[in-house]
Amino acid sequence: MNTSITPGTHTITVGSVRQVYHVAGRGPVCIAHSGGPGIDSAYLRMPLLEQHYTMVYLEPVGTGGSGRLDQYGLSVYVSFLAAVVDDLAMPAVYLLGHSHGGFVVQQYALDHPGRVAGLILYDTSPVTGPEFWESAMAGVTAYAAVDPRVPAAFQSAVTATDDEAMTAGLREAVPVYFADFPGRRREFETFVAGIRAWIVAQDSEPFDVRTRLGEITAPTTVIVGTHDFICGPRWAALLHQGIRGSRLAELKASGHFGHLEEPAEFAEAAAALLDR
């Protein structure tokens with residue numbers, strides 16, 4: 001690894017906007033881009049992966065200690081990711097994108113193929129749109145059979161007009177993101193308490209890279225939780241089929257947070273990329 005990449009918190013400026021990232025671990029550099037958008041990236045800390053990679057955890061612009069903008073969109077997140085890659089001064093890095101972060105790293109890989117050593121696409125999709133959201137909302141509605149409070153809480157989060165309301169709604173809606181939240185509630189109490197969210201006004205950029213997946217030649221692992229209601233196996237299969245030579249790892253006892261629900265299995269799948 002580049003010896004200038006020291007553990008701890010780093011801050012750069014992109015234009016006049018602050019971008020914060022954190023470094024931990026050892027081995028080849030892997031930048032992790034969290035989901036949301038607008039969710040505190042601390043949830044994506046992966047201690048087991050830090051035994052295999054030098055993990056670089058972004059605080060996406062609009063969240064945490066990073067700066068704020070009036071408008072956000074995929075191209076904005078990609079430009080800030082590109083600035084971090086440049087700041088690390090590595091010829092090529094591994095990228096891990098979770099959920100919305102997966103959209104960001106897919107687009108970065110298409111725009112900057114020579115800078116990508118490998119991709120870990122984690123509970124994400126190559127496309128959004130009406131069908132994607134209808135499927136997700138069907139999963140939320142169905143979860144009422146487990147906890148009738150969740151659908152209203154989810155709706156409250158996605159329609160929130162301030163950071164506090166969005167945070168409160170997500171904390172109440174979070175059970176739907178897990179394979180078995182009721183059975184493991186105490187295990188995930190700290191995670192739930194740590195959820196923080198910020199309203200990030202999105203532009204109308206569409207996301208659909210299905211026809212371009214064949215351009216991705218970097219070694220790729222697709223990881224998905226069997227019970228993920230929003231970016232589940234259906235969407236992971238599109239990535240796996242579209243990216244030549246990719247590997248697909250399905251975590252049978254996970255929802256949207258396999259790195260928490262099945263941490264050892266998740267880390268094994270993600271670290272296997274280094275053997276390719």
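Colleague: Where is Asp123 found in the chain?
Modeller: Happy to start there, with the reminder that this is a predicted model. Strand E6 covers residues 116-122 and helix H3 covers 130-142. Asp123 has its place in the loop between strand E6 and helix H3.

Colleague: Is Asp123 buried or exposed?
Modeller: The cut-off to keep in mind is that buried means under 20% relative accessible area. Asp123 has a relative accessibility of 1%, so Asp123 counts as buried.

Colleague: What is the phi value of Asp123?
Modeller: Good one to check in your viewer. Asp123 is a residue other than glycine, and its phi is positive. The value is near 45°.

Colleague: Which residue has a positive phi in the loop between helix H1 and strand E5?
Modeller: Helix H1 spans 74-88 and strand E5 spans 93-98. In the loop between them is a residue other than glycine with phi near 55°. That residue is Ala89.

Colleague: And is Ala89 buried or exposed?
Modeller: Here the cut-off for exposed is over 50% relative accessible area. Ala89 has a relative accessibility of 52%, so Ala89 counts as exposed.

Colleague: Which peptide bond is cis?
Modeller: Look in the loop between strand E3 (29-33) and strand E4 (54-59), where Pro37 is found. The bond leading into Pro37 has omega near -5°. The cis peptide bond is the one from Gly36 to Pro37.

Colleague: Which residues have the most contacts inside the largest nonpolar core?
Modeller: In soluble globular proteins, nonpolar side chains tend to be buried together. The largest nonpolar core in this chain has 50 residues. Those with the most contacts inside that core are Leu49, Leu96, Tyr177, Ile223 and Phe266.

Colleague: How many residues are in the second core?
Modeller: The second core is separate from the largest one, and includes Tyr77, Leu119, Phe207 and Leu213. Its count of residues is 45.

Colleague: What is Ile223 in contact with, leaving aside its neighbours within four places in sequence?
Modeller: One of its contacts is Asp123, the loop residue we began with. Ile223 also contacts Ile120, Leu121 and Tyr122. Completing the set are Ala249, Leu251, Phe266, Ala269 and Ala270.

Colleague: Which residues does Thr221 touch, not counting those up to four places away in sequence?
Modeller: Thr221 lies in strand E7, residues 220-225. Thr221 is buried, with a relative accessible area of 3%. The residues it touches are Leu119, Ile120, Leu121, Arg247, Ala269 and Leu273.

Colleague: What does Thr167 touch, not counting residues up to four places away in sequence?
Modeller: Thr167 lies in helix H5, residues 163-173. At 12% relative accessibility, Thr167 counts as buried. The residues that Thr167 touches are Ile195, Arg196 and Ala197.

Colleague: What is the radius of gyration of the protein chain?
Modeller: The chain has nine helices and eight strands. For 276 residues the globule rule gives 19 Å, and the chain's value is close to that, so the chain is as compact as a globular protein of that length. Its radius of gyration is 17 Å.

Colleague: What share of the contacts with a separation of 6 or more comes from residues 24 or more positions apart?
Modeller: As background, 54% of the 276 residues count as buried. For contacts with a separation of 6 or more, residues 24 or more positions apart account for 74%.

Notes: Residues are numbered from 1 along each chain as its sequence is written. This is a predicted model: local features need pLDDT of at least 70, side-chain atom pairs count only at pLDDT 80 or more; totals for chains, interfaces and linings use all residues. Side-chain values use heavy atoms; hydrogens and water are left out. Helices (H or I, at least four residues) and strands (E, at least two) are DSSP runs, numbered from the N terminus. The radius of gyration is taken over C-alpha atoms; the globule rule is 2.2 Å times the number of residues to the power 0.38. Buried means under 20% relative accessible area, exposed over 50%, partly exposed in between (1.4 Å probe, protein chains only). Contact means heavy atoms within 4.5 Å. A nonpolar core is a set of buried Ala, Val, Leu, Ile, Met, Phe, Trp, Tyr and Cys residues joined through side-chain atoms within 4.5 Å.
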